[in-house]
Amino acid sequence: MFLEYGNENIRLKYRQIEGAPKTDAVPDELILDGQQRLTSIYASLYSSHPVNTKTEKGQEILRYYYIDIADALDSSKDRSDAIISVPASRIVTSDFGRKIDLDISTKEKEYEQKKFPLNIILDFIKTSQWIQGYQQYYHYTPEIMDQIIRFQNEITNKTMNYQIPIIVLDEDTPKEAVCQVFENVNTGGVSLTVFELITAIFAMDDFALRKDWDSRRDKYFDGDILSSITATDFLTACTLLTSYQKGGTVSCKKKDVLALTLDDYKQYADELSKGVVEAEELLQQERIFSANDLPYTTQLIPLAVLCTLLAQNNLVNVTNVRDKLRQWYWCGVFGELYGGANETRYVNDVVGVMEWISDSEKVPKTVQESYFNPLRLLTMQSRQSAAYKGVMALILKNHCRDFISGSEMDFTRYKAEHIDIHHVFPKKYCIDKKYLKEKWNSIVNKTPLSYSTNREIGGVAPSEY
C-alpha cells in the first residue's frame, strides 16, 4: 500500500529502501505496507550488492541468490529447491575453506555451472545479455537453445512480468482514513497503528516517539497491571487530557489522536505518566493486582486521565473524591459498559466525573446507566468477563481468608502463594452429586484460594474439609 507524498497535512518522516542508492530526491510515494517484502525483493532480485541477511542463529551474512536452470525446469523437483544462496565471494567451500564445492565468481563460471543470477531477473537488458552470453558459451547447440528458451518462458519472463497488486492512497487522504484503510486490508501482518503514524509525524521535528515511549514504559509502566497499556492507549489518554485542558469540545477519536501535536505531547506526557501510576495504586487498593485480573484495560484510559486531573488540583487523595472515583469505576465494571467502542464513553466519563466531584447532583452517565441483575452471577462461568474479575477483586477486598491457613489475602500473600480462583464445593464432589453445572461452576461457588489449600481440600464437601 502506497501513499502519494506531497500533502502538507501529513508531514511524515521517510527513509529510503535499505540498500538502494542514496539520493536527496523527495519521494513521489511512500510505502505504508509491504516495506519488508519490497526491500527483500529489491535486495535479492535487483540490487548488484549482496543481500545483508542472517543465519537461523542470528549471525549476519552476505549472500547472492542463484537458480539452477536444469533443476528449475525439472517437473519432478520442487522449484524452490532449485534456488541456492552463495557467499558474497560467490564461492562455496567446505572442510574449513580447503575444498571448493562451487565457484560461480565469474560469468563464464555461471554459464559453466548453469546457475542464473537472480539479482538481474527484473532487469530485461541484463537478463537478455546474460542469456545471449549463455547461448554463445555453449555455441548455440540445439539442446541448450531449447533449454534456455524454456527457462525464459517459464522463469524469467513470468517473474519479470509478474504484477504485484497495490493500493495507492492519494495525497489528500486524511490521516485517520490512512489508518482505517490499512486496518481493512491488512488482516495478517503488523498493524499500521496510530502510534506508527504519529511516530513518523513527530520524527519530522526530530523527536523519537518510540524511544520516548520505551523509556517511559520502563520507568512508569513495568508493573503487573500497567504492562497491559499500549503506546496507542497512552496517546489516546494524552489526547483526552489535552482536549479537556484546552476547554471547548472534548474528544479523543482516532482523528483527534492523529492531530495531537508534539508540543501538547511534551506538555502533558509526564503528568499523565504519573496519573497512570496513581490509577494503578487505586486499583491495587481495590485488590486488582495484575493485568490478568483487570476487568477492562480500556477503563484505565479515563481512570488515568481523571487521576491526572485530580492530582493537579490536589484532590486525588481526598476521601469523598476517591469514593466517587471508586463508585464510578465499579459501575463501569458491573454495568459491563466498557466492552465496545469506548471513545465517546471516555469523554462522557472524564467530563462527567469531574463535574460530579464539583457538584454531587451531576451524576455521570456511567453511574446512572449501570445496572446489575443478580441472575448474572450464574452466567459467570469463567474469568473472561469483566464482572467476574470484579467479583473476585471485591471478595479479596472484603478480607477473605485462606480456608486452611486463615491468612488474609493481601498483596504479598497473593503473589507469594500463587492465589487463584477455585471451587468452594469441589468440582469432583459436584459431579458425583449430579448437581447442575450452571450452578456449581458459576462464580457463586468460587473463591480465591492458595494452590496448596486447593490441593489439600481434594474432592470433598466443605462440611468435611
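**Close-up views, figure by figure**

**View 1. D222 sits in the loop between α8 (209-220) and α9 (231-246).** This is a predicted model, as are the views that follow. With a relative accessibility of 57%, D222 counts as exposed, because the cut-off for that label is over 50%. Also in view is F289, which is 67 residues away from D222 in sequence. Measured out in space, C-alpha to C-alpha, D222 and F289 are 13 Å apart.

**View 2. Q381 and N445 are 64 residues apart along the chain, with 9.9 Å between their C-alpha atoms.** You'll find Q381 in the loop between α16 (376-379) and α17. How accessible is Q381, in relative terms? The value is 25%, so Q381 counts as partly exposed.

**View 3. E286 and K397 pair up in a salt bridge.** The closest N and O atoms of E286 and K397 are 2.9 Å apart. E286 belongs to the loop between α11 (262-285) and α12 (300-312), while K397 is in helix α17 (residues 386-397), so this pair ties together parts of the chain that are 111 residues apart in sequence. Which label fits E286, buried or exposed? At 1% relative accessibility, E286 is buried. K397, on the other hand, is partly exposed at 27%.

**View 4. D323 and R326 form a salt bridge within helix α13.** Here the closest N and O atoms are 3.3 Å apart. The two residues are three positions apart in the helix, so about one helical turn separates D323 from R326. D323 is partly exposed, its relative accessible area being 39%. Now put this view together with the E286 and K397 pair: salt bridges with shared partners link E286, D323, R326 and K397 into one network. For the wider tally, the whole structure has 22 salt bridges.

**View 5. Helix α5 carries a salt bridge between E154 and R150.** How far apart are the closest N and O atoms of E154 and R150? They are 3.3 Å apart. Both residues lie in helix α5, and the four-residue spacing amounts to about one turn of the helix. E154 has a relative accessible area of 27% and is partly exposed. R150 is partly exposed too, at 34%.

**View 6. R322 reaches Q285 through a polar contact between side chains.** The contact spans 3.4 Å. R322 is part of helix α13 (residues 319-334). Despite its charged side chain, R322 is buried, with just 6% relative accessible area.

**View 7. N441 and H423 meet side chain to side chain.** Their polar contact is 3.0 Å. N441 is found in the loop between α20 (437-440) and β11 (446-449). The relative accessibility of N441 is 14%, so this loop residue counts as buried.

**View 8. A cluster of acidic residues makes a negative surface patch.** Its members are E4, D28, E29, D170, E171 and D172. Take D170 as a landmark: this residue is in the loop between β9 (168-169) and α6 (175-185). D170 is partly exposed, and its relative accessible area is 40%.

**View 9. Y162, I164, I166 and V168 make up a nonpolar patch on the surface.** How much accessible area do Y162, I164, I166 and V168 have together? The total comes to about 400 Å². I164 sits in the loop between α5 (142-160) and β9. With a relative accessible area of 44%, I164 is partly exposed.

**View 10. Y140 and K434 each have a positive phi.** For background, most residues other than glycine have a negative phi. Y140 is not a glycine, yet its phi is about 55°. The loop between α4 (124-137) and α5 is home to Y140, which is partly exposed at 45% relative accessible area. K434 isn't a glycine either, and its phi is about 60°. To locate K434, look in the loop between α19 (427-432) and α20. Is K434 buried or exposed? Its relative accessibility is 72%, so K434 counts as exposed.

Definitions and conventions:
Residues are numbered from 1 along each chain as its sequence is written. This is a predicted model: local features need pLDDT of at least 70, side-chain atom pairs count only at pLDDT 80 or more; totals for chains, interfaces and linings use all residues. Side-chain values use heavy atoms; hydrogens and water are left out. Patches are made of residues with over 30% relative accessible area and no salt bridge: like charges are joined within 9 Å, nonpolar side chains (Val, Leu, Ile, Met, Phe, Trp, Tyr) within 5 Å. Accessible areas come from the Shrake-Rupley method with a 1.4 Å probe; for residues, only the protein chains shown count as cover. A salt bridge is a side-chain nitrogen of Lys or Arg within 4 Å of a carboxyl oxygen of Asp or Glu. The place of a charge is taken as NZ of Lys, CZ of Arg, CG of Asp or CD of Glu. Buried means under 20% relative accessible area, exposed over 50%, partly exposed in between (1.4 Å probe, protein chains only). A polar contact is a pair of N or O atoms within 3.5 Å; within protein, one must be able to donate a hydrogen and the other to accept it, and residues adjacent in sequence count only if both atoms are side-chain atoms.
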